[in-house]
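Student: Can you walk me through this one? Keep it quick.
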Amino acid sequence: MLFNTPIFFLFFVAFLFFYGLVFVRKLPRVAFLLTASLVFYGAWNWRFIPLLVGSSIVDYYLAIAIGNAQTQQRKRLFLTLSVCVNLGILGLFKYADFVLQSVSDFLSVFGVEAGLPTLSWVLPVGISFYTFQSLSYTIDVYRGDMQPKRGLIYFTTALAFFPQLVAGPILRARQILPQFHALPVPNWVDARHGFLLITSGLVKKTAADLLAIPAGVLFEAGGPVSLLEAWTGVLAFAGQIYGDFAGYTDMAIGLALVIGFKIPPNFRLPYFAVSPVDFWRRWHISLSTWLRDYLYISLGGRNQRYRNVTITMLLGGLWHGAAWTFVAWGAFHAVIIMGTHFLSGLSAFAGFVNSQSKLKRILTWAITFYLVLIGWVLFRAHDIGSAFDIVVNMHTFGGLPEAGPVAMRIFIATALTVVLLHLLDWFVIAKGESFEKTWWLFWPVLVLIQGLCLMIGEPSNEFIYFQF
Amino acid sequence: MSSSTSSSEPTGSGRGAFARVLFTVLIGMGLALGGVRLFALVVGVGSESLLGRVMQAQRALPQIAEEPNDLVMVFGSSMVRAGFSPREFDAALAEQGIDVTSFNFGFGGLNPLFQDYLSRRVVDELKARDRRLKLVVIEFNPFQTTVTRRNGATALEESYIAMLASDRELWQKTVDDPTSGIRMGLIRYLRDGISAEMITTFMWAEPFQPPDNRQRPQMSDEDRERLGEIGEYLNEVFDEDYPDYDGSDWYYPWRGGGTIKTERSEKTLEIFDEYYDLIAQDNRMEADRQSRIRTADIEELNFDDELVEAFIRIVENFKEVSDHVEVVMLPKNTDWIQNPPEAIERQAAAVARISEATGLPVRDYQVVEDVSNDMFSDTTHLNRYEGAVAFTEFLVSEYAEILR
């Protein structure tokens with residue numbers, strides 16, 4: 001049940017009616033929200049509902065056990081149990097076949113045909129998001145950053161909360177759990193902003209689906225394309241992945257807002273980043289901060305920075321999918337982040353890096369964006385060999401197929417779309433509030449844009465991040 | 001922000017706020033959907049422009065059912081559309097004292113999944129009027145039943161089914177798969193048959209072709225100019241020869257077929273010969289072959305199980321209203337389309353599956369003596385004044401006894 005489908009609209013209307021108008025007391029309202037969230041999740045595959053509920057039950061009781069434990073040793077034991085259960089589930093469903101296949105491939109290099117069996121299990125949608133979210137609760141309790149909260153239904157509902165269940169943002173228990181205990185009602189100003197975010201998300205998702213086509217020309221061509229089309233394809237994928245994921249996130253935050261819940265932003269104009277480190281402060285913020293707080297810092301943070309960055313980025317890449325391309329993508333980002341740190345430490349570069357000149361900012365932005373684009377090739381390509389070919393294609397002059405008749409126009413349209421996606425974000429952040437107050441313009445524009453997106457948006461296209 | 005309270009509910013339940021949000025959602029979405037409807041009306045591209053021939057044929061069914069003679073229907077793809085001439089078929093049989101009225105139900109762009117729904121509409125209409133077909137000839141088109149062909153039609157799938165399904169079938173679809181069913185309901189009742197996928201695939205995606213797909217056959221300036229002149233001439237002559245023609249894709253007076261040789265002048269037929277020579281140049285034929293390989297896997301023939309199943313359903317549907325059902329494969333242009341042995345094996349397996357499921361033989365007319373490779377206008381379609389005539393005569397010879 002995708003947010004941009006007619007059936008979700010019917011679901012949400014029915015949900016609003018019962019949640020807001022029928023179940024007026026707190027507990028029945030929470031129970032209904034949980035039921036609705038499980039229905040939403042079950043629409044993909046009801047067989048995975050027990051897994052989601054089971055995860056939440058385990059972490060709820062382990063968090064209480066950690067809170068009640070008298071010794072550090074016992075706290076650590078319960079935390080280890082939580083980590084094992086969560087990562088065990090994730091590993092079994094998401095990585096088992098990848099590991100088995102990789103071992104088989106590795107052994108075959110030495111002529112050993114291992115013939116290892118594969119599980120071929122269906123990946124439960126959203127599993128990477130909710131296991132990380134659930135895990136953050138037990139870790140926070142272990143670290144003393146929050147006290148365990150009583151009320152299993154509140155914790156389960158927070159974990160299963162349908163706007164952000166299947167593709168995040170990955171919320172921390174301390175951000176969201178108190179809201180479920182308080183059970184807010186919508187504030188009209190917030191709700192109005194929620195409608196703006198839903199519309200903005202719909203625009204981004206529609207743009208992403210349109211950009212998927214020029215991206216496909218490059219990534220599905222099965223051979224070299226013209227230089228211009230190679231760059232258009234990579235640029236289009238950059239726009240597609242951003243529009244798709246940020247669009248989903250906007251809709252998730254907007255939907256939560258119209259029913260009174262506040263979810264922090266997950267993107268902050270990522271393609272305006274001026275360094276790889278800056279990029280990760282702006283891209284999928286909830287994941288990058290999760291990895292920073294629970295992995296990078298746990299490994300020792302800056303103490304062994306290069307090692308810890310490498311481990312964090314490799315696992316961050318692997319979090320996106322069980323494939324070597326994602327590992328390579330993570331490794332690539334580790335290298336460019338370490339490169340940034342290394343250069344920043346050189347006195348020769350210090351003057352340049354610390355300079356506030358516009359030229360420096362434009363240059364660092366261009367280099368960063370170029371590197372991010374190269375990273376997206378690894379992310380999107382079918383395998384590392386294809387990714388290498390595409391990167392070569394992007395840097396080859398001569399001997400390539402002739403560009404299509406309107407290639408330059410397509411390149412310009414693609415580039416403009418990527419820029420417009422960011423301008424839309426900037427507008428929502430900087431001008432959204434005043435726009436929302438101009439009701440005579442605000443509502444007609446929203447309706448018009450929604451109508452347009454419904455007309456051309458492809459409701460059958462899954463969101464890319466659902467597979468993670 | 002208002003929050004209504006009463007003695008029966010706790011303070012802060014926010015009913016008023018939720019009511020306001022719900023009202024906003026309903027009004028906003030209602031207006032947005034209204035905008036979609038308005039857009040569909042203004043643009044004017046709808047089911048009629050997409051499936052005009054199918055819709056026109058469907059509308060003709062009540063009239064077909066009223067025909068006094070025995071009814072014959074040849075049902076299939078664009079190969080049937082190009083290769084079967086109902087009026088010539090009827091005339092040839094009439095000469096043998098057999099009175100039938102035949103119809104060309106060949107439609108381009110429909111795979112068996114869509115044809116299944118169309119066949120159900122034919123069956124529904126005939127049953128409702130208590131009428132039967134004396135003979136139905138159903139084309140099994142191997143390259144229309146491939147995985148590649150199906151993948152190429154995914155953008156059309158919901159749209160075509162939404163247009164071809166009955167209300168009951170659409171409801172059943174909604175019960176089986178609410179997400180898809182509701183979408184199809186909107187396509188049918190709100191979007192006039194145009195899905196969002198069709199807009200993006202056919203209006204937006206056209207310029208985005210990978211290099212392999214962009215190859216267009218070259219033609220000399222002289223030939224191109226001549227082709228233009230021929231086109232103009234043929235249009236003019238057509239207007240003169242057929243002043244009553246109403247522009248329909250499926251024209252009842254021609255019973256879904258095309259023009260016939262006896263209605264054209266010698267000069268027009270000569271010009272047509274020249275036209276076919278020009279469009280059948282080797283480089284154009286090779287481009288057409290490549291296009292068929294890319295879009296339909298015409299040589300390797302990797303069959304899609306669901307499409308084969310859908311074809312079996314088509315045969316079963318027609319059995320309900322037909323005295324005699326024939327399943328056939330139409331002539332193949334073997335100069336250009338050659339299947340490797342593995343493809344032939346796959347085809348044989350598909351044919352065997354169809355025969356086993358339907359209890360009917362699949363008659364292989366892919367290579368018949370009366371139809372030669374120079375009677376094709378491209379790699380798959382018979383030309384009108386030789387190919388269609390020859391194949392129609394062949395069908396007469398094959399089925400006259402059954403119809404007698």
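Tutor: First a term: pLDDT is the predictor's confidence in each residue, from 0 to 100. This is a predicted model, where local features need pLDDT of at least 70, side-chain atom pairs count only at pLDDT 80 or more, and totals for chains, interfaces and linings use all residues. Residues are numbered from 1 along each chain as its sequence is written, with chains lettered from A and ligands numbered from 1 in the order written.

Student: Where does pLDDT stay under 50 in chain B?
Tutor: Over residues 1-11. The model has 17 contacts beyond four places in sequence for them; a contact means C-beta atoms, placed from the backbone, within 7 Å.

Student: And what is the mean pLDDT of chain B?
Tutor: It is 88, and 92% of the residues of chain B reach 70 or more.

Student: What ipTM does the predictor give the complex?
Tutor: 0.83, with a pTM of 0.82.

Student: How many residues does the contact take from each chain?
Tutor: 45 from chain A and 42 from chain B.

Student: Which element of chain A gives the most?
Tutor: H1(A), with ten residues. Helices here are DSSP runs of H or I, at least four residues, numbered from the N terminus.

Student: New topic: what about the span of H9(A)?
Tutor: Helix H9 covers residues 227-258 of chain A. Its 32 residues should span 46 Å (1.5 Å times one less than the residue count). The end C-alpha atoms are 46 Å apart, which agrees.

Student: Why call H9(A) largely enclosed?
Tutor: Because 29 of its 32 residues are buried (20 or more other C-beta atoms within 10 Å of their own, placed from the backbone).

Student: What follows H9(A)?
Tutor: A:Gly260, with a positive phi near 105 degrees.

Notes:
Contact = placed C-beta atoms within 7 Å. Helix = DSSP H or I, 4+ residues; strand = E, 2+ residues; numbered from the N terminus. Buried ≥ 20, exposed ≤ 12 C-beta atoms within 10 Å, placed from the backbone.
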